[in-house]
Amino acid sequence: MATNSISNSLQRLASKGQLSQAVIGDALKRLHCTSNLKDFGTADFVVEAIAESEVVKKNLFVELDKITKASAILASNTSSISITRLASVTNRPHQVIGMHFMNPPPIMKLVEIIRGAATSDETYNATKSLAERFGKTVVCSKDYSGFIVNRILMPMINEAFFTLYTGVATKEDIDAGMKLGTNQPMGPLELADFIGLDVCLSILRVLHAGLGDAKYAPCPLLVQYVDAGRCGRKSGVGVYDYRQVSKSTKQAARL
């Protein structure tokens, strides 16, 4: 299932001319899937990219700390959660670091590296070198809620929800205004759907709790959408409804 999902995602990028079939074929050849954590026992570098939940991530880091060799670096792809707190459940906090890839990773050039309170220079340098081997540009953030990108991006998305919630404009005009007025490739509401409204809500809650400022409090409309299961593209409906688009695409393919 994981292999098919990754392959489908890569093919979507290829259909847009963003990746070649040669690159996709090479990537899939190097891919190995497993459901057994013990297979990570020989890894030098592990990047966790599971659900954006501190409890769930900590549980995984406890297990990885037991399984991986003592020299291994444990990185998290978290977009907002404290690296220091994740590192605290391991016996190697100096070898724990944040390595936040922007979505979709095959296209986006940025990797945000976050040093926890105990992260060593050796761990940072190894992580930076690995990201650069991937052809990425690195920025480094201190370990504060949201880091760099989401501390700036999520309040903008949240404000777009408040703009919709208070009836200032339609969702289409909000997105068109930001795309055409600030030269962004996607409007903030469209981008929220792409990221996942549940993920946006989770990050805003981390920002609100971690920084203690009311400006990070999630918009009630965003909370309501997530409560209703409207999580964006992945669920078929979020701010926008993608179910009809999907049906039209399938019908066109059959024709």
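Colleague: Why is Asp241 called partly exposed?

Modeller: In this predicted model, Asp241 has 38% relative accessibility. Buried means under 20% and exposed means over 50%, so a value in between gets the label partly exposed.

Colleague: And what makes Arg243 and Asp241 a salt bridge?

Modeller: Their side chains come to 2.7 Å, N to O. The cut-off is within 4 Å, so the pair counts. Arg243 has 45% relative accessibility, so that residue is partly exposed too.

Colleague: Which residues are joined into one network by salt bridges that share partners?

Modeller: Glu48, Glu52 and Lys57. One of the contacts here is Lys57 with Glu52, at 3.7 Å, N to O. That is still a salt bridge, because the rule accepts a nitrogen within 4 Å of a carboxyl oxygen.

Colleague: How do you know that Lys57 counts as buried?

Modeller: Lys57 sits at 1% relative accessibility, and buried means under 20%. Glu52, at 18%, counts as buried as well.

Colleague: What makes Lys58 and Glu54 a pair about one turn of the helix apart?

Modeller: Both lie in helix 3 (residues 54-67), four residues apart. Their closest N and O atoms are 3.0 Å apart, so they pass the test of being within 4 Å.

Colleague: Why is Lys58 called partly exposed rather than buried?

Modeller: Lys58 has 22% relative accessibility, and buried needs a value under 20%. Glu54 gets the label partly exposed with a relative accessible area of 22%.

Colleague: How many salt bridges does the rule give?

Modeller: The count comes to 14.

Note on methods
Residues are numbered from 1 along each chain as its sequence is written. This is a predicted model: local features need pLDDT of at least 70, side-chain atom pairs count only at pLDDT 80 or more; totals for chains, interfaces and linings use all residues. Side-chain values use heavy atoms; hydrogens and water are left out. Buried means under 20% relative accessible area, exposed over 50%, partly exposed in between (1.4 Å probe, protein chains only). Helices (H or I, at least four residues) and strands (E, at least two) are DSSP runs, numbered from the N terminus.
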